[in-house]
Structures are given as structure tokens and as C-alpha cells.
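Reader: I am new to this structure. Can you show me how to read its features, step by step?

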Amino acid sequence: MIRTTLSPSPDDLPVPKLEELERGSSLWKDAWRRLRQNRLALIALALFTVIAIVCVLGPFMTPYGYEEQRLAYGAQGPTWEHWMGTDALGRDQLTRIMHGGRISLSVGFMATAVSLVIGVLYGATSAYIGGRTDAVMMRFVDILYAMPFTIFVILLTVIFGRSLYLIFIAIGAVEWLTMARIVRGQVLTLKQQEFIEAAVSLGYSNGRIILRHLIPNVVGPIIVYATLTVPAVMLLEAVLSFLGLGVQPPMASWGVLINEGKDAMTVYPWLLFFPALFFSLTLFSLNFLGDGLRDALDPKSSKD
Amino acid sequence: MPLLEVNDLTTWFHMRDGIVRAVDGVSFTLDRGETLGIVGESGSGKSVSCYSLLDLIPKPPGRIERGTAVLGGEVDLLRAPREVLRRIRGKRIAMVFQDPMTSLNPYLRISTQMIEPLLIHEGLGNREALRRAIESLEEVGIHDAVRQIDLYPHQFSGGMRQRVMIAMALITHPEILIADEPTTALDVTVQAQILELIKARQRELGTAVIYVTHDLGVIAGVCDRVNVMYAGTIMESGTVDEIFYNSAHPYTQALQQSIPSLHDKGKSLYTIPGAPPDLTEERSGCPFAPRCAYEEAHCTGPNYRGLDAFRGRHKTACLRVLEGELNLKEENR
Amino acid sequence: MSDGAVRSPFLALEDVKTHFPVTQGFLFRRRTGAVKAVDGVSLAIQRGEVLGLVGESGCGKSTLSRTIMQLLRASGGSIRLEGRDLCAVSMKQIRRERINFQMIFQDPYASLNPRMTVYDTIKEAIRTRHPHVGGRAMIRRVSSLMDKVGLAPKLMRKYPHEFSGGQRQRIAIARALAPEPKLILADEPVSALDVSIQSQILNLLAKLTRELGLTMLFISHDLGVVKYISHRIAVMYLGRIVEIGSPREIMEKPLHPYTQALVSAIPFPDPRLERTRRRMVLEGDPPSPMDPPGGCPFHPRCPFAEAACAREVPALKEYLPDRPAACIRIPEIHPGIGSRE
């Protein structure tokens, strides 16, 4: 039998030491470098980080509780004591915004995470198996798409009562549909690539091909879409709160705060202004960050 | 007076990672009715230089930095106002692209697409234009043109579409036809048909043709004169016989020797070491020097003068050949 | 190994067919026809031989290579590798045997995982045969392979996008060699490369097959390239082999009219020859495998076709020793050849 003479390798060949090797720059590293050149995305990232830190750590530093009422104090504009004023019940607006931010942000991220997990698994499975399974799975997605979202949520609240987790699940259950479609499309194109064929012809297992060869190559678009999903989810939560289906008082999300502020807009404008400011800054920064990530992760799509 | 005189054409692309010097000081002339081949590897600037002539490069990032391209001694294509250029494109200069699958609009009937240049450039009526279109389809060997002309592009095979493209390009009887890799996407047997067709139509109409290709075989078969391009510049320019039998540039020679030609028998192929240069780096001296077997210190020095007359109209950019230090014919013995 | 095994070909294809069903509608699909991409191919490759397979786009050469690779399963026939019929083996078993036959793909920009370093790519492939090698021994093996394909081992921690097309094809070759295969299928391995890079890769493949005693099926649309590297050439047209012969015989004395046209259509990089030689220009395009013509697949374009050609598919027949061709008119086209039965 003819054996290829590749092994054992000739000993006279010097084995390069790890530290002598030229380090390559991975696509991730390149993407980060490109992102750093995108000033707008960087500002967005910094802004978002600041808002997130304020919301997470802020409540520990303020002397007020979010439910702490000072009825005698009443609604006041911004003062040194209350930087963003107080509402009609004398509650500190900044504290309430920070607490509301915690809720809004966690709804945003949790629901996105839910949609990510369901969407990626569902979409990747559908595309990888293909054929009739794929057709059936995607028709199911189409049917869910056709369901009116608000009625779906009202139904859920009627059955399970109002709770924060319900909001996560409700929103996640809607958002995963788009994610599944995106991931399916990506995997379908990827499946045709020769490096996947190469992996198959090397006899790698299906699990290995999905984990090592498919998923790392769809992570880019997934991250981008996730970044853009977070603000969309926060908006949805605000809509739910608007309809009175969101979090329950005295807890408040940004959506609830804006809703309350809207009612008192003519009398106490700061009650609308400050939560709306936080909310829009967050939406803006996430959207710009998402755009920046898209350009950075897929240099071909961007126009110089 | 040449039909087209290109001088110092320079097209750069301003990318995020730097300036890509795609075409860097290209000069050549084209006479009436002749066939000029522009040959080079990918990234040599052969296509970009032709696209620049018709203002077809994407701007930004592309920019024509300097140079002139005078058509018929009257219009500078690079500076002509849009209006003027529009009247030249498709009328006096026509183009055939590489991929016949994507260069026809899939939503329009062949007839609609074919009569368009006639309506625009010659002000013909629909009826007359249609008659001319059918005629020109017949001239490119499409049988039953009266019926075929009402079909959609996807109903044609690749070779047939390229025939349609040629018929369309030649329908206004242009003075210049630029064919950008017209047969690269086609099979060899179909390529032979298309090359014969272009040759025949050119003879009948007296059109000058610029062939852009990477295939020296195609060049040998159809061209009168050849420009060999490398890294955005012309390395050598001469008649086909000069280029193939009396090459005055090491790159041209290396290119010919590295073809698995149909004559050599099983011996190792000649290879050019290394890879083409990074076009974002500023060039000093000969761009081929790092890969050249005859490279010497002064090739990259200040004396390097680019393309210059070697013998009559035969030009080379090789400094050592120009200085008489290197005789490639001797070297090859 | 017994003498008998040595005599039998290393890879033997018998009447291999790969048909793709054409269906309509989703969920409730109806089979409305079949694309006969590969339609009855029989070929034998000896150990250590390089067989060139040449044909135009759509002739089924890539489908054939993927069928041999078991990336597609054949609809009929047998593919015997060292006497063992791969078509009869379960997919699970195939996965374990894949290390014996490897493929080099056409597009070096698509055939490497962009998220993996050269080291990871080659390491993963080495592990298919040597699952327990690691650490310095693995680095040694990877460097040895890189060295073999002409890449500097110090580049092993770089990513594919940091390499040129030619270098990437070298990485792909190293990956294909890593499992120490006996058979290499090269599907248009140089078509995406520039002329000067093409010759580097061809030289490398020629050197490797010689040094490692590999058996290779080399697929290309370019007869010039195939001729350079192969010991024998098979010409394919519309899912079938129409002629087999040595490179010299195919180039200088093609028997089948299609091969004649193919050889005659190649532009030679030689202006004087181009001016003088007479070209046999075929009419029309190759037909679609969806709707092949009856009888000899080449007869609608063949200048020698007669009524009998449209009636039945001609079989490969040895008109000269070791020169099978599939054309019933060969005795008339080449007087003196093939009159013997």
C-alpha cells in the first residue's frame, strides 16, 4: 500500500516557536478596528455605557426610593435636591428614571436574548435540515407573523395576569420570528459555500460543522440584528405600558414614565422631558451602534 | 491622426484603507479599424482604464486624477460635459461586457433593449428601429430574428446573449467597440464562435476594437497591437508579433512562459515568483522589479522612466532593455 | 496485497448516474422530471495515475466529482475505491472513510473557513487521522505540511483573508493532504487564479502527486491545463464520457468530433499559428441536461451527424488500443480506424 510520506514529519524541519509566529488578525479584530474608526458608533457606545451604568448603579447612590412619596412636597421642577424634579406624589424623578431604566433595559435585553435563542436555533435547524422540514417550519413562522401582537399580549395577560416575565416572553415570542428568518437565510447561503463542503468531505460530524463552521460565520449578522432588536423591544414595552399592559405601579419603566409625563405635559413638562430624553438617547445610541457594527462586520456593505 | 489618443490616464480609488492606484499613467493610441488588445492579470488596471474612458467607474471612491483621452482629435472624453459624453457612449463608442447573464435587463424584451440606442442616438421611429434591430440580430447569426427579438433575455443561452449584446453594441455602427473579457464567461467552443463573429463584423463595419482580456491565446488570435499591463501601468506595447516573438519586457516573457501551453510536454512550468504588488503602496521605479529575474538596483531607482520607445512603435517599460543592457532574445537562447 | 488487487484499478466507476429530480410546489411536491447531470459514466483510474477530466460548463464534471466524494449520492451504478463499492456503504460509514479521499475546490476564497487560522484549519484536518496528536507534535506536523505546499510555517496563525488567492489554494491543498488521503479530487483548482499564479499551483500539484504517489482526478474546463498535469484525459459532454486518451493523443489526434472541436477551439498563444490554422467552429451552445437531445448527445452540433446518430446513444468503444470513444461514425471520419469489431 502506498503511504503518503507526511507522517512522522521530518525532524530536520525546525518547529517554529509560538512566540515567533506572526499573529494574524482575525475578522473580529478587523471589525473592532473598523468600529473604532467610526466616530459616531463609538460615541453611541460610550453614551449607552454611561446610561446603562447610571441606571444600574444610580439607585444605590440616591438618597430616595422610587416609591418614596412626599405628598406635601408635590410636583417641583429641577432643584439642587431633586435634579430632575419630582412628580405629583413628590417622588424623585431621577430615581424613578433610573429604576425605570433598569426595567426598560432588562426588558430590552432579556426579550432580545429570548428571541435570539429561539430564533437562532429555529432558523439554523430549519435551514440546515432543509427540504420539507424547512418548508413546514417556515410556514409556521409565517402564520405567527400574521397574528396581531397586541391581541396576543392582551390574551396572555388575561390568562396569566400581569407580570414582568410575561412581558419578556411575550415580546421575545414575537421578535424571534424575524431573527429566525435572518438566521435561516444566512445559513442557507453559507451551506452552499465550499468550506462547508470541505468540512463535510473531511468527515466532520454535523455538530462540529454547525458549531465550528456555520455559527461563527453567522454571528456577525446576528449581533447586528440583536443590537437593533433591543431598541425595538424597548419601544414595544413602551407601547404595552401605554396601553396599560406593562409593569405595575409603583414600579415604572421608561414607557410608563413617559405615559404619565404626557398626561401632565402642560403643567409639569419636566415629567415628560427627562424620561423621554433618556429613552431617545438610548434608542439613538443603540441604533447608531447597530449601524456601526453592521459596517464593521461586513465591510462590503458599506460605501466609502 | 489616431482615432483615440489616451495620455497619462490615471484613475485612483480612494478607499478607507488607502489609495488604490488602479491605473497609473497609461498612454496609448488606437487607429481607425484596428484591433488593440489590453492584456493583464486581475488587478492590472486593464478594465478600469477602459471604464475610465466612458466615465463608468464608480465615483466615489474612484477618481480620474489626470490625463486626457482625445477622440477623433476633437473631444477629450475625460473632460467632456455629461451631455457630450452621453452622445458618444453607445453611439461612437460601444461596449460589450464580460457577463452576458447580467448585462441585459431581465425584465425587458430583447426588442425593447435593442431599439433603445437607435431611438436615443439616431432619432429613428419605433418601426424603423425595430427593422434595424432585426437586421442586426440576423447579422450576428441569430436565425428567425423576427420571432426571437420578442423574447426575454432568460430565454436565451449564454452564447446567444453575448450575440445579442454584440448586435446591440454594433447597431449604431460605432467607431470604437470596447470588449471587456467578452468570452471569459463562455465555453471554449462558444468562445470560438463569438471571436469569429466580432472579427467578421469588425471587417464589415470598419470598427476599431479594444479587447480587454487575461488570455494571451485570445490576444494572439484577434489583435493587431497589444498593450501588456501590470500593476496599473503599461509594461510593453507593440504589434502581436513583436509581443509574442520579440518581447522586450521580462514580464511579457514570463507571462507567456507560464501558460501551460499546448506544445510543451510535461516539464515544469515556468513560474513568476511572488505575487502582484499592493496597489495602495506608492510605486517607485518598475513595479515588476521584485518578481523579475533580471532585476538590478537601478530598476527601482530615479532613472526608471516608464514606457518608452524601444524600436519604432514598439515600446517597453523595462529600463534595462531600453538602456541596451538586456537582450531578452539572447537570454532565452 | 494479492496480485489480483494490484491489477484491478484503484478507482473504478461503473455506469455512474447522478440525477436530480425536478419538482414543483412545496409541501406536496410532484416529480416532474430529472436533470441527468451524470448519466452513465464508467472510468478507471490506476494507482498513482493523474486522470484529467475535461468538459464545458454544465457537462456534469463537478457533479461527478461530488458524487465520487459522496457529497452527492449516486442514483445508479457503482464507485469502487480499492475494490470497495462506496455507493453501497452507509453515510455513517462513509464519514469514517472520508480521510481516504479528499477534494481541492475551485474557489480558494470560499473554500476556507474565514474564522479559522491556517493552523486551526490544518490541525482539524490532521486530527481526522491522528485524533490524539497535540501540542508541539501538532505544530510540527502543521509546519511540515505548510512547508510541503510552499507556505512559510511562521504564517500559521494568520487567517485566510490575509493571504492571496494562490496562497489560499496552497492552504486548501495542505488541508486536503492532512488526512493522508490516497485519492485527491481537484475540481477546477486553478480556474480562479491568474496565469502566473496558476502555473505555481500546477507545478505544486504535479510535484506532490509525484512525491507522495497520490492518485488524482483533475477536473478542468481548460484542456491546456489538463494536458499539462494528466497521464490520461477523459472528455465529458452532457453527462457522458465521449473519449479517453493520453494527452498527446487527445491533442494531436482526437477521435471524437466533439474533442476535435474542443481542441480546435482553444486559442493558442501564438499569432502565426492562429493566422494559419483552420478552426472547426461548432454551431450553437451545449444543450441543457434538463432536456437532452435523443441519441448521441452531441449530434445536434456535430458536423458529421447523420440520421443514425439521433437514434441511440453510442457506447464507449475501443477504436484504437486504449482509445475508447463514443461515436458511431469514427470509422468514416478517420478512414482506417476502428473497422475491426
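Reader: Is Glu260(A) buried, partly exposed or exposed?

Author: First, a caution: this is a predicted model. Residues under 20% relative accessible area count as buried, and those over 50% as exposed. Glu260(A) has a relative accessible area of 35%, so Glu260(A) is partly exposed.

Reader: Which residue does the side chain of Glu260(A) meet in a salt bridge?

Author: The general idea comes first. Side chains of opposite charge can pair when their charged atoms come close. Here the partner is Arg96(A), at 3.9 Å from N to O. Arg96(A) is buried, at 2% relative accessibility.

Reader: What does the pair of Glu260(A) and Arg96(A) tie together?

Author: Look at where each residue lies. Glu260(A) is in helix H9 (residues 254-263) of chain A, and Arg96(A) is in helix H3 (residues 93-129) of chain A, so the salt bridge ties together parts 164 residues apart in sequence.

Reader: How many salt bridges does the rule find across the interface of chain C and chain A?

Author: There are three. In one of them, Arg208(A) pairs with Glu124(C), with the closest N and O atoms 2.6 Å apart. Arg208(A) lies in helix H8 (residues 206-242) of chain A and Glu124(C) in helix H4 of chain C, so this pair joins two chains. Arg208(A) is partly exposed at 34%, while Glu124(C) is buried at 4%. Glu124(C) also forms a salt bridge with Arg212(A), at 3.7 Å.

Reader: How many residues does each chain give to this contact?

Author: Chain C gives 57 residues and chain A gives 43. Together they bury about 4900 Å², 58% of it on carbon and sulfur atoms. The rule also finds 14 residue pairs in polar contact across the interface, both residues at pLDDT 80 or more.

Reader: Which element supplies the largest share of the side of chain C that touches chain A?

Author: That is H5(C), with nine residues. By class, this side of chain C has 23 nonpolar, 11 polar and 23 charged residues.

Reader: Now the interior. How many residues does the largest nonpolar core have?

Author: A nonpolar core is read from buried side chains that touch one another. The largest has 86 residues, and Ile122(C) is among those with the most contacts inside it. Helix H7 (residues 195-212) of chain C supplies the largest share, eight residues. Beyond its neighbours within four places in sequence, Ile122(C) contacts residues including Val142(C), Leu145(C) and Met146(C). A second, separate core has 64 residues, among them Phe156(B) and Ile259(B).

How values were computed: Residues numbered from 1 in each chain as written. Chains lettered and ligands numbered in written order. Predicted model: local features only at pLDDT ≥ 70, side-chain atom pairs only at ≥ 80, totals over all residues. Heavy atoms only, no water. Contact = heavy atoms within 4.5 Å. Buried area = accessible area lost by both parts, 1.4 Å probe. Salt bridge = Lys/Arg side-chain N within 4 Å of Asp/Glu carboxyl O. Polar contact = N/O pair within 3.5 Å; in protein donor to acceptor, adjacent residues only side chain to side chain. Helix = DSSP H or I, 4+ residues; strand = E, 2+ residues; numbered from the N terminus. Nonpolar A, V, L, I, M, F, W, Y, C, P; charged D, E, K, R; others polar. Core = buried A, V, L, I, M, F, W, Y, C linked by side-chain atoms within 4.5 Å. Buried < 20%, exposed > 50% of the residue type's maximum accessible area, 1.4 Å probe, protein only.
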